[in-house]
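Colleague: I would like to go through this structure with you feature by feature, taking the general idea before the particular case. Could we begin with polar contacts?

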Amino acid sequence: MGLYLVAPEHGIALEVPISESDERALLRQWARLREAAARERFNVRLGKHLTSALSEALDWDIKAPTDTQMALAAVLAQKLATDVPPGVLSSRLEMSLFIDKASARLRDG
């Protein structure tokens with residue numbers, strides 16, 4: 001069985017394969033979710049775990065910059081008397097490129 005994640009506003013549908021035992025457990029869980037309050041509690045619980053799993057599954061370059069990258073970028077920007085560009089704050093790749101350019105500017109004078 002596949003578990004489908006659908007985001008209609010973006011035209012995205014992903015089929016996530018799950019094991020037969022997880023499928024059976026999910027069907028048992030689903031049977032318990034007849035009341036709206038129970039469904040909402042499960043939805044919140046599942047969302048927390050799914051958010052973490054999706055974050056881990058993303059390609060390296062599109063993840064948010066690491067704390068180390070952020071700290072290094074702040075130091076480099078301070079030494080260059082400039083700001084860290086807002087556009088690099090959402091991507092490890094963009095942050096890495098900024099760090100490389102800033103390091104080269106400092107090294108080359």
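Modeller: A polar contact is a pair of N or O atoms within 3.5 Å, where, within protein, one must be able to donate a hydrogen and the other to accept it. Please keep in mind throughout that this is a predicted model.

Colleague: With that cut-off in hand, which backbone oxygen lies 2.8 Å from a polar atom of the side chain of R92?

Modeller: The backbone oxygen belongs to A64, while R92 itself has its place in helix α4, which covers residues 92-108. Leaving aside residues up to four places away in sequence, R92 touches W60, D61, K63, A64, P65, T66 and Q69.

Colleague: How should I read the charge of R92, and which side chain of opposite charge is nearest?

Modeller: Side chains of opposite charge can pair when their charged atoms come close. R92 is buried yet has no salt bridge, and the nearest side chain of opposite charge, that of E56, is 7.0 Å away; a salt bridge would need a side-chain nitrogen of Lys or Arg within 4 Å of a carboxyl oxygen of Asp or Glu.

Colleague: How many salt bridges does the structure hold, then?

Modeller: The structure holds 1 salt bridge, formed by R107 with D108, whose closest N and O atoms are 3.9 Å apart. Both R107 and D108 are exposed, whereas R92 is buried.

Colleague: Turning to backbone angles, what is unusual to look for in phi?

Modeller: Most residues other than glycine have a negative phi. In this model, A81 has a phi near 55°, a positive value in a residue other than glycine. A81 sits in the loop between α3 (67-79) and α4, and A81 counts as exposed because its relative accessible area is 73%, with the cut-off for exposed being over 50%.

Colleague: Which residues make the nonpolar surface patch?

Modeller: The patch, of about 390 Å², is made by M1, L3, I12, L14 and V16, and its largest share, 3 residues, comes from strand β2, residues 12-17. L14 is found in that strand and counts as partly exposed because its relative accessibility is 46%.

Colleague: M1 belongs to that patch; how far apart are E20 and M1 in sequence and in space?

Modeller: E20 and M1 are 19 residues apart in sequence and, C-alpha to C-alpha, 7.1 Å apart in space. E20 is found in helix α1, residues 20-31, and counts as exposed because its relative accessibility is 59%.

Key: Residues are numbered from 1 along each chain as its sequence is written. This is a predicted model: local features need pLDDT of at least 70, side-chain atom pairs count only at pLDDT 80 or more; totals for chains, interfaces and linings use all residues. Side-chain values use heavy atoms; hydrogens and water are left out. Helices (H or I, at least four residues) and strands (E, at least two) are DSSP runs, numbered from the N terminus. Buried means under 20% relative accessible area, exposed over 50%, partly exposed in between (1.4 Å probe, protein chains only). Lys and Arg count as positive and Asp and Glu as negative; His and the chain ends are not counted. Contact means heavy atoms within 4.5 Å. Patches are made of residues with over 30% relative accessible area and no salt bridge: like charges are joined within 9 Å, nonpolar side chains (Val, Leu, Ile, Met, Phe, Trp, Tyr) within 5 Å. Accessible areas come from the Shrake-Rupley method with a 1.4 Å probe; for residues, only the protein chains shown count as cover.
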